[in-house]
Amino acid sequence: MGNTGTGELLVADGRPAADLWSLDPTVAHLNHGSYGAPPRFVLERETQLRDEMNADADAWWRGLDGRVASARERVAAWLGAPIDATALVANASAGAAVVLASLDFRSEDVVLVTDHNYGAVAMAARRRARSAGARVVTLQVPLNADDSEIVELFRQHIAETPRLKMVLVDQVTSPTGMVFPVADIAALCRSAGVELLVDGAHGPGQIARPTEGLEGAYWVGNLHKWGLTPRGTGVLVANPLLPADRQRLFPSIDSWGSMNPFPQRFDLQGTLDYSPWLAVPAAIDGVEERIGWNRYREHLAQLATAAQAAVADIWGAELTDLPRNPAPSLRLVPLPDGMVTNEAQAHDLRDRIAADANAAVAITSHNGRGFVRLSAQVYNTLDDYVRFAESWNPGRRRAATAQ
Ligand SMILES: Cc1ncc(COP(=O)(O)O)c(C=O)c1O
(Lines give C-alpha, C1' and ligand atoms only; values in the text may rest on other atoms or scores of the structure.)
Protein backbone atom coordinates (compact mmCIF):
# COMPACT_ATOMS: atom_id res chain seq x y z
CA MET A 1 0.00 0.00 0.00
CA GLY A 2 0.98 3.63 -0.51
CA ASN A 3 2.96 6.08 1.49
CA THR A 4 2.25 7.16 4.98
CA GLY A 5 3.21 10.56 6.30
CA THR A 6 2.34 13.96 5.05
CA GLY A 7 1.50 13.35 1.40
CA GLU A 8 -1.56 11.64 -0.01
CA LEU A 9 -2.41 8.39 1.74
CA LEU A 10 -3.10 5.72 -0.85
CA VAL A 11 -5.71 3.07 -0.10
CA ALA A 12 -5.59 -0.65 -0.97
CA ASP A 13 -6.59 -0.16 -4.62
CA GLY A 14 -3.98 2.57 -5.14
CA ARG A 15 -6.35 5.54 -5.08
CA PRO A 16 -5.76 8.56 -2.83
CA ALA A 17 -7.75 8.20 0.41
CA ALA A 18 -9.53 11.50 -0.34
CA ASP A 19 -11.33 9.72 -3.21
CA LEU A 20 -13.33 7.81 -0.58
CA TRP A 21 -15.08 11.04 0.44
CA SER A 22 -17.43 13.44 -1.33
CA LEU A 23 -16.45 16.59 0.53
CA ASP A 24 -17.04 20.02 -0.97
CA PRO A 25 -13.73 20.68 -2.78
CA THR A 26 -14.09 24.46 -2.43
CA VAL A 27 -13.77 24.27 1.38
CA ALA A 28 -10.59 23.52 3.37
CA HIS A 29 -11.79 20.77 5.72
CA LEU A 30 -9.47 21.08 8.72
CA ASN A 31 -11.95 20.35 11.51
CA HIS A 32 -12.73 16.66 11.36
CA GLY A 33 -12.72 16.55 15.17
CA SER A 34 -15.93 18.50 15.67
CA TYR A 35 -18.47 16.60 13.59
CA GLY A 36 -16.61 13.84 11.76
CA ALA A 37 -17.16 13.01 8.07
CA PRO A 38 -18.16 9.50 7.02
CA PRO A 39 -16.59 8.19 3.80
CA ARG A 40 -18.89 7.41 0.87
CA PHE A 41 -18.81 3.63 1.32
CA VAL A 42 -20.16 4.05 4.87
CA LEU A 43 -22.90 6.45 3.77
CA GLU A 44 -23.86 4.03 1.00
CA ARG A 45 -24.27 1.21 3.53
CA GLU A 46 -26.34 3.48 5.76
CA THR A 47 -28.57 4.46 2.81
CA GLN A 48 -28.98 0.81 1.80
CA LEU A 49 -30.14 -0.01 5.34
CA ARG A 50 -32.50 2.98 5.43
CA ASP A 51 -33.99 1.95 2.09
CA GLU A 52 -34.57 -1.54 3.51
CA MET A 53 -36.42 -0.01 6.48
CA ASN A 54 -38.53 2.18 4.24
CA ALA A 55 -39.40 -0.69 1.89
CA ASP A 56 -41.00 -2.77 4.67
CA ALA A 57 -40.98 -1.20 8.12
CA ASP A 58 -42.80 -4.14 9.74
CA ALA A 59 -40.22 -6.65 8.58
CA TRP A 60 -37.42 -4.26 9.57
CA TRP A 61 -38.65 -3.89 13.16
CA ARG A 62 -39.40 -7.63 13.51
CA GLY A 63 -35.75 -8.46 12.92
CA LEU A 64 -34.19 -5.42 14.54
CA ASP A 65 -33.20 -6.66 18.04
CA GLY A 66 -30.77 -9.28 16.81
CA ARG A 67 -29.20 -6.98 14.22
CA VAL A 68 -28.62 -4.18 16.72
CA ALA A 69 -27.19 -6.69 19.23
CA SER A 70 -24.72 -7.96 16.67
CA ALA A 71 -23.64 -4.40 15.70
CA ARG A 72 -23.20 -3.61 19.42
CA GLU A 73 -21.07 -6.72 19.91
CA ARG A 74 -18.87 -5.75 16.94
CA VAL A 75 -18.38 -2.31 18.47
CA ALA A 76 -17.40 -3.80 21.85
CA ALA A 77 -14.90 -6.16 20.21
CA TRP A 78 -13.41 -3.34 18.12
CA LEU A 79 -13.00 -1.09 21.17
CA GLY A 80 -11.66 -3.98 23.29
CA ALA A 81 -14.50 -3.37 25.78
CA PRO A 82 -16.48 -6.05 27.67
CA ILE A 83 -19.56 -7.02 25.67
CA ASP A 84 -21.81 -7.10 28.73
CA ALA A 85 -20.71 -3.55 29.64
CA THR A 86 -21.22 -1.96 26.19
CA ALA A 87 -24.39 -0.20 25.06
CA LEU A 88 -25.13 1.85 21.94
CA VAL A 89 -26.40 5.41 22.42
CA ALA A 90 -27.04 8.32 20.06
CA ASN A 91 -23.87 10.21 20.96
CA ALA A 92 -21.41 10.91 23.78
CA SER A 93 -23.75 13.52 25.31
CA ALA A 94 -26.57 10.96 25.46
CA GLY A 95 -24.27 8.45 27.17
CA ALA A 96 -23.15 11.04 29.71
CA ALA A 97 -26.78 11.99 30.42
CA VAL A 98 -27.61 8.32 31.10
CA VAL A 99 -24.75 8.02 33.61
CA LEU A 100 -25.52 11.34 35.32
CA ALA A 101 -29.20 10.36 35.69
CA SER A 102 -28.25 7.01 37.25
CA LEU A 103 -26.03 8.33 40.03
CA ASP A 104 -27.50 9.15 43.39
CA PHE A 105 -26.15 12.67 44.02
CA ARG A 106 -26.87 14.06 47.49
CA SER A 107 -26.84 17.54 48.87
CA GLU A 108 -23.25 18.66 49.59
CA ASP A 109 -21.71 16.00 47.35
CA VAL A 110 -18.95 17.29 45.08
CA VAL A 111 -18.40 16.72 41.36
CA LEU A 112 -14.89 17.39 40.08
CA VAL A 113 -14.47 18.63 36.50
CA THR A 114 -11.43 20.17 34.81
CA ASP A 115 -10.87 23.35 32.82
CA HIS A 116 -10.29 21.15 29.72
CA ASN A 117 -13.69 19.44 29.63
CA TYR A 118 -16.04 19.64 26.65
CA GLY A 119 -18.39 22.44 27.65
CA ALA A 120 -21.78 20.87 27.06
CA VAL A 121 -21.04 17.67 29.02
CA ALA A 122 -19.58 19.69 31.90
CA MET A 123 -22.72 21.84 31.74
CA ALA A 124 -24.90 18.70 32.01
CA ALA A 125 -22.89 17.54 35.04
CA ARG A 126 -23.31 20.98 36.60
CA ARG A 127 -27.05 20.95 36.06
CA ARG A 128 -27.41 17.45 37.48
CA ALA A 129 -25.26 18.31 40.52
CA ARG A 130 -27.18 21.51 41.16
CA SER A 131 -30.54 19.74 40.99
CA ALA A 132 -29.40 17.54 43.90
CA GLY A 133 -27.81 20.38 45.87
CA ALA A 134 -24.32 19.09 45.02
CA ARG A 135 -21.36 21.33 44.19
CA VAL A 136 -19.02 21.39 41.18
CA VAL A 137 -15.32 22.08 41.65
CA THR A 138 -13.12 22.85 38.64
CA LEU A 139 -9.58 21.52 38.67
CA GLN A 140 -7.20 23.81 36.76
CA VAL A 141 -4.71 21.75 34.77
CA PRO A 142 -1.84 23.66 33.14
CA LEU A 143 -1.80 23.20 29.36
CA ASN A 144 1.75 21.89 29.41
CA ALA A 145 1.36 19.59 32.44
CA ASP A 146 2.86 16.16 31.86
CA ASP A 147 1.11 12.93 32.84
CA SER A 148 2.73 12.68 36.26
CA GLU A 149 1.78 16.29 37.10
CA ILE A 150 -1.81 15.65 35.99
CA VAL A 151 -2.03 12.46 38.07
CA GLU A 152 -0.58 14.27 41.08
CA LEU A 153 -3.17 17.07 40.76
CA PHE A 154 -5.98 14.50 40.71
CA ARG A 155 -4.42 12.55 43.58
CA GLN A 156 -4.36 15.70 45.75
CA HIS A 157 -7.91 16.75 44.88
CA ILE A 158 -9.36 13.28 45.33
CA ALA A 159 -7.63 12.95 48.70
CA GLU A 160 -8.53 16.44 49.91
CA THR A 161 -12.13 16.83 48.72
CA PRO A 162 -14.65 15.64 51.30
CA ARG A 163 -17.86 14.15 49.85
CA LEU A 164 -16.35 13.77 46.39
CA LYS A 165 -18.96 11.77 44.49
CA MET A 166 -17.84 11.87 40.89
CA VAL A 167 -14.96 12.94 38.64
CA LEU A 168 -15.62 13.94 35.01
CA VAL A 169 -12.61 13.94 32.72
CA ASP A 170 -12.08 14.12 28.95
CA GLN A 171 -9.88 11.32 27.59
CA VAL A 172 -8.84 13.57 24.70
CA THR A 173 -9.63 17.09 25.81
CA SER A 174 -11.94 18.92 23.48
CA PRO A 175 -10.62 22.52 23.57
CA THR A 176 -6.96 21.61 23.98
CA GLY A 177 -6.39 18.21 22.31
CA MET A 178 -4.50 16.72 25.28
CA VAL A 179 -4.55 13.00 26.06
CA PHE A 180 -5.27 12.68 29.78
CA PRO A 181 -3.85 9.69 31.71
CA VAL A 182 -7.33 8.32 32.34
CA ALA A 183 -6.24 4.83 33.43
CA ASP A 184 -4.19 6.36 36.27
CA ILE A 185 -7.10 8.65 37.20
CA ALA A 186 -9.38 5.58 37.17
CA ALA A 187 -7.04 3.79 39.58
CA LEU A 188 -7.17 6.79 41.96
CA CYS A 189 -10.98 6.91 41.79
CA ARG A 190 -11.28 3.15 42.30
CA SER A 191 -9.20 3.16 45.44
CA ALA A 192 -11.07 6.20 46.83
CA GLY A 193 -14.52 4.76 45.98
CA VAL A 194 -15.30 7.76 43.74
CA GLU A 195 -17.35 7.42 40.53
CA LEU A 196 -15.51 8.31 37.34
CA LEU A 197 -17.08 9.36 34.05
CA VAL A 198 -14.55 9.44 31.20
CA ASP A 199 -15.69 11.48 28.21
CA GLY A 200 -14.00 9.59 25.41
CA ALA A 201 -15.81 11.34 22.55
CA HIS A 202 -12.52 11.54 20.60
CA GLY A 203 -11.26 8.08 21.60
CA PRO A 204 -12.68 5.52 19.15
CA GLY A 205 -10.50 5.19 16.05
CA GLN A 206 -7.87 7.55 17.39
CA ILE A 207 -6.87 5.48 20.46
CA ALA A 208 -6.59 1.75 19.73
CA ARG A 209 -8.19 0.47 22.97
CA PRO A 210 -9.82 3.51 24.55
CA THR A 211 -11.44 1.72 27.50
CA GLU A 212 -8.31 -0.13 28.59
CA GLY A 213 -7.50 0.34 32.28
CA LEU A 214 -10.88 1.90 33.01
CA GLU A 215 -12.16 -0.78 35.37
CA GLY A 216 -14.60 0.84 37.78
CA ALA A 217 -15.35 3.76 35.44
CA TYR A 218 -18.08 4.82 33.04
CA TRP A 219 -16.82 5.75 29.58
CA VAL A 220 -18.71 7.36 26.72
CA GLY A 221 -17.46 7.72 23.18
CA ASN A 222 -18.42 8.85 19.70
CA LEU A 223 -17.83 6.56 16.75
CA HIS A 224 -18.62 9.20 14.16
CA LYS A 225 -15.52 11.33 14.76
CA TRP A 226 -12.39 9.21 14.32
CA GLY A 227 -14.26 5.92 13.79
CA LEU A 228 -15.64 7.29 10.48
CA THR A 229 -19.16 5.95 11.11
CA PRO A 230 -22.40 7.80 10.36
CA ARG A 231 -23.45 10.41 12.92
CA GLY A 232 -25.76 9.24 15.69
CA THR A 233 -23.45 6.43 16.77
CA GLY A 234 -22.29 6.77 20.37
CA VAL A 235 -21.19 4.16 22.89
CA LEU A 236 -21.50 3.82 26.65
CA VAL A 237 -19.17 1.37 28.39
CA ALA A 238 -20.30 0.87 31.96
CA ASN A 239 -17.80 -0.69 34.32
CA PRO A 240 -18.93 0.79 37.63
CA LEU A 241 -17.22 -0.13 40.89
CA LEU A 242 -20.06 -2.58 41.56
CA PRO A 243 -20.98 -4.31 38.26
CA ALA A 244 -24.57 -4.68 39.52
CA ASP A 245 -24.81 -0.86 39.28
CA ARG A 246 -24.93 -1.22 35.50
CA GLN A 247 -28.51 -2.25 35.94
CA ARG A 248 -29.32 1.27 37.16
CA LEU A 249 -28.56 2.64 33.67
CA PHE A 250 -31.57 3.28 31.47
CA PRO A 251 -31.81 4.95 28.06
CA SER A 252 -33.44 8.35 28.24
CA ILE A 253 -36.05 7.05 25.78
CA ASP A 254 -38.18 4.87 28.03
CA SER A 255 -39.67 2.36 25.61
CA TRP A 256 -40.23 -1.42 25.24
CA GLY A 257 -36.53 -2.16 25.47
CA SER A 258 -36.41 -0.76 29.02
CA MET A 259 -37.81 -4.06 30.35
CA ASN A 260 -34.63 -5.87 29.26
CA PRO A 261 -31.40 -6.05 31.28
CA PHE A 262 -28.40 -3.80 30.52
CA PRO A 263 -27.06 -3.50 27.81
CA GLN A 264 -29.87 -5.10 25.73
CA ARG A 265 -32.32 -2.49 26.98
CA PHE A 266 -30.46 0.14 24.92
CA ASP A 267 -30.96 -1.87 21.70
CA LEU A 268 -34.57 -0.87 21.22
CA GLN A 269 -35.44 2.75 21.95
CA GLY A 270 -38.77 3.03 20.15
CA THR A 271 -39.19 4.23 16.59
CA LEU A 272 -35.74 5.60 15.90
CA ASP A 273 -33.71 5.34 12.72
CA TYR A 274 -31.31 2.49 13.54
CA SER A 275 -29.53 2.59 10.14
CA PRO A 276 -26.51 4.49 11.55
CA TRP A 277 -25.91 1.82 14.23
CA LEU A 278 -26.29 -1.01 11.74
CA ALA A 279 -23.84 0.67 9.35
CA VAL A 280 -21.06 0.77 11.97
CA PRO A 281 -19.57 -2.65 11.07
CA ALA A 282 -19.19 -1.42 7.46
CA ALA A 283 -16.97 1.41 8.73
CA ILE A 284 -14.93 -0.83 11.04
CA ASP A 285 -14.32 -3.44 8.33
CA GLY A 286 -14.10 -1.00 5.43
CA VAL A 287 -11.32 1.11 6.96
CA GLU A 288 -9.41 -2.03 7.96
CA GLU A 289 -9.61 -3.39 4.39
CA ARG A 290 -8.82 -0.15 2.59
CA ILE A 291 -6.30 1.49 4.94
CA GLY A 292 -5.77 -0.51 8.16
CA TRP A 293 -6.64 1.09 11.48
CA ASN A 294 -3.03 1.11 12.74
CA ARG A 295 -1.78 2.72 9.56
CA TYR A 296 -4.66 5.21 9.75
CA ARG A 297 -3.61 6.26 13.27
CA GLU A 298 0.07 6.53 12.34
CA HIS A 299 -0.77 8.67 9.35
CA LEU A 300 -2.98 11.04 11.34
CA ALA A 301 -0.27 11.56 13.95
CA GLN A 302 2.43 12.32 11.37
CA LEU A 303 0.20 14.62 9.37
CA ALA A 304 -1.02 16.50 12.47
CA THR A 305 2.54 17.12 13.66
CA ALA A 306 3.64 18.36 10.23
CA ALA A 307 0.52 20.53 9.86
CA GLN A 308 1.10 22.23 13.21
CA ALA A 309 4.74 22.97 12.35
CA ALA A 310 3.87 24.29 8.88
CA VAL A 311 1.09 26.61 10.05
CA ALA A 312 3.17 27.90 12.98
CA ASP A 313 6.07 28.56 10.61
CA ILE A 314 3.95 30.55 8.13
CA TRP A 315 2.34 32.58 10.92
CA GLY A 316 5.51 33.00 12.94
CA ALA A 317 3.69 31.45 15.94
CA GLU A 318 5.72 29.99 18.77
CA LEU A 319 4.84 26.44 19.77
CA THR A 320 5.62 26.92 23.45
CA ASP A 321 3.73 25.81 26.55
CA LEU A 322 1.54 23.44 24.56
CA PRO A 323 0.32 19.93 25.45
CA ARG A 324 3.18 17.46 26.05
CA ASN A 325 1.01 14.51 25.08
CA PRO A 326 -1.19 15.81 22.24
CA ALA A 327 -3.94 13.71 20.70
CA PRO A 328 -2.64 11.88 17.61
CA SER A 329 -4.85 13.83 15.22
CA LEU A 330 -5.37 17.20 16.94
CA ARG A 331 -2.86 20.01 17.30
CA LEU A 332 -3.00 23.56 18.62
CA VAL A 333 -1.42 26.59 16.99
CA PRO A 334 -1.48 29.65 19.29
CA LEU A 335 -3.18 32.83 18.07
CA PRO A 336 -1.65 36.21 18.89
CA ASP A 337 -2.15 37.29 22.52
CA GLY A 338 -5.52 38.92 23.14
CA MET A 339 -7.08 37.88 19.84
CA VAL A 340 -9.31 35.21 21.41
CA THR A 341 -9.71 35.01 25.16
CA ASN A 342 -13.05 33.25 25.55
CA GLU A 343 -15.50 30.93 23.83
CA ALA A 344 -17.70 33.66 22.34
CA GLN A 345 -14.70 35.27 20.63
CA ALA A 346 -13.56 31.82 19.46
CA HIS A 347 -16.90 31.17 17.74
CA ASP A 348 -16.88 34.59 16.20
CA LEU A 349 -13.41 34.10 14.73
CA ARG A 350 -14.33 30.60 13.46
CA ASP A 351 -17.24 32.10 11.55
CA ARG A 352 -15.09 34.91 10.13
CA ILE A 353 -12.46 32.44 8.92
CA ALA A 354 -15.18 30.34 7.26
CA ALA A 355 -16.45 33.45 5.47
CA ASP A 356 -13.06 34.99 4.58
CA ALA A 357 -10.95 31.92 3.79
CA ASN A 358 -13.54 29.22 3.06
CA ALA A 359 -11.88 27.09 5.70
CA ALA A 360 -13.48 24.95 8.43
CA VAL A 361 -11.25 25.15 11.50
CA ALA A 362 -11.96 24.94 15.21
CA ILE A 363 -10.98 27.94 17.32
CA THR A 364 -10.65 27.22 21.03
CA SER A 365 -9.58 29.03 24.14
CA HIS A 366 -8.02 27.94 27.40
CA ASN A 367 -7.13 30.13 30.32
CA GLY A 368 -7.32 33.32 28.26
CA ARG A 369 -5.19 31.99 25.37
CA GLY A 370 -6.70 31.41 21.92
CA PHE A 371 -5.79 28.63 19.50
CA VAL A 372 -6.55 27.21 16.12
CA ARG A 373 -7.22 23.52 16.75
CA LEU A 374 -6.17 21.67 13.61
CA SER A 375 -7.54 18.21 12.86
CA ALA A 376 -5.75 15.74 10.60
CA GLN A 377 -7.72 13.19 8.60
CA VAL A 378 -6.66 10.88 5.78
CA TYR A 379 -8.49 13.03 3.22
CA ASN A 380 -6.11 15.89 4.12
CA THR A 381 -2.60 16.52 2.85
CA LEU A 382 -0.02 18.93 4.21
CA ASP A 383 -0.85 21.25 1.34
CA ASP A 384 -4.33 21.86 2.77
CA TYR A 385 -2.85 23.40 5.92
CA VAL A 386 -0.22 25.39 4.04
CA ARG A 387 -2.83 26.87 1.73
CA PHE A 388 -5.04 27.75 4.67
CA ALA A 389 -2.21 29.42 6.60
CA GLU A 390 -1.24 31.40 3.52
CA SER A 391 -4.81 32.49 2.83
CA TRP A 392 -5.61 33.57 6.39
CA ASN A 393 -2.92 34.94 8.66
CA PRO A 394 -3.88 36.14 12.15
CA GLY A 395 -0.95 38.53 12.40
CA ARG A 396 -1.65 40.20 9.07
CA ARG A 397 -5.34 40.36 9.80
CA ARG A 398 -4.81 42.05 13.13
CA ALA A 399 -2.51 44.64 11.60
CA ALA A 400 -5.05 45.31 8.85
CA THR A 401 -7.87 45.69 11.38
CA ALA A 402 -5.82 48.14 13.44
CA GLN A 403 -5.24 50.48 10.50
C1 LIG B 1 -14.88 15.65 24.53
C2 LIG B 1 -16.22 15.75 23.88
N3 LIG B 1 -17.30 15.29 24.54
C4 LIG B 1 -18.52 15.32 24.00
C5 LIG B 1 -18.72 15.85 22.74
C6 LIG B 1 -20.13 15.93 22.24
O7 LIG B 1 -20.38 15.08 21.20
P8 LIG B 1 -21.91 14.85 20.79
O9 LIG B 1 -22.47 16.19 20.51
O10 LIG B 1 -21.81 13.98 19.60
O11 LIG B 1 -22.57 14.18 21.95
C12 LIG B 1 -17.65 16.37 22.03
C13 LIG B 1 -17.88 16.96 20.69
O14 LIG B 1 -17.02 17.46 20.04
C15 LIG B 1 -16.36 16.31 22.61
O16 LIG B 1 -15.30 16.81 21.98
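**Ligand surroundings and sheet architecture in a predicted model**

A nitrogen atom of the ligand lies 2.6 Å from an N or O atom in the side chain of Asp199. The protein covers 88% of the 400 Å² of accessible area that the ligand has on its own. These values, like those that follow, refer to a predicted model. Two further polar side chains approach oxygen atoms of the ligand: a polar side-chain atom of Asn91 is found 3.4 Å from an oxygen atom of the ligand, and a polar side-chain atom of Ser174 is likewise placed 3.4 Å from an oxygen atom of the ligand. The shell around the ligand comprises 14 residues, of which Ser93, Asp199, His202, Asn222 and Lys225 come nearest. When this shell is divided by class, four residues are nonpolar, seven are polar and three are charged.

The model contains an open sheet of seven strands, arranged in the order 2-8-7-6-5-3-4 and with mixed pairing. Strand 2 (86-89) and strand 4 (135-139) occupy the edges and have a single partner strand each, so that one side of each is left without a neighbour in the sheet. On average, and with direction ignored, neighbouring strands of this sheet are turned by 20° against each other. Within the sheet, strand 7 (residues 218-222) and strand 8 (residues 234-238) run antiparallel and are joined by five bridges; Val220 has Leu236 in strand 8 as its bridge partner.

Two of the helices that pack on this sheet can be described through their contacts and directions. Helix 5 (residues 92-102) touches strand 2, strand 5 (164-170), strand 6 (195-200), strand 7 and strand 8, and the direction of this helix makes about 160° with that of strand 7. Helix 8 (residues 182-192), which also packs on the sheet, touches strand 5 and strand 6, its direction making about 165° with that of strand 6.

Attention then turns to a loop residue, Arg324, which is found between helix 11 (293-315) and strand 9 (330-334). When residues up to four places away in sequence are not counted, Arg324 touches Asn144, Ala145 and Asp146. The contact with Asn144 includes a polar pair, in which the backbone oxygen of Asn144 lies 2.9 Å from a polar atom of the side chain of Arg324. Arg324 and Met178, although 146 residues apart in sequence, are 7.8 Å apart in space, C-alpha to C-alpha.

Terms used: Residues are numbered from 1 along each chain as its sequence is written. This is a predicted model: local features need pLDDT of at least 70, side-chain atom pairs count only at pLDDT 80 or more; totals for chains, interfaces and linings use all residues. Side-chain values use heavy atoms; hydrogens and water are left out. A residue is near a molecule or strand if one of its heavy atoms lies within 4 Å of it. A polar contact is a pair of N or O atoms within 3.5 Å; within protein, one must be able to donate a hydrogen and the other to accept it, and residues adjacent in sequence count only if both atoms are side-chain atoms. Accessible areas come from the Shrake-Rupley method with a 1.4 Å probe; for residues, only the protein chains shown count as cover. Ala, Val, Leu, Ile, Met, Phe, Trp, Tyr, Cys and Pro count as nonpolar, Asp, Glu, Lys and Arg as charged, and the others, Gly among them, as polar. Two strands pair if DSSP finds at least two bridges between them. Helices (H or I, at least four residues) and strands (E, at least two) are DSSP runs, numbered from the N terminus. Axes are lines fitted to C-alpha atoms, for helices over the stretch in contact, and angles run from 0 to 180 degrees between N-to-C directions. Contact means heavy atoms within 4.5 Å.
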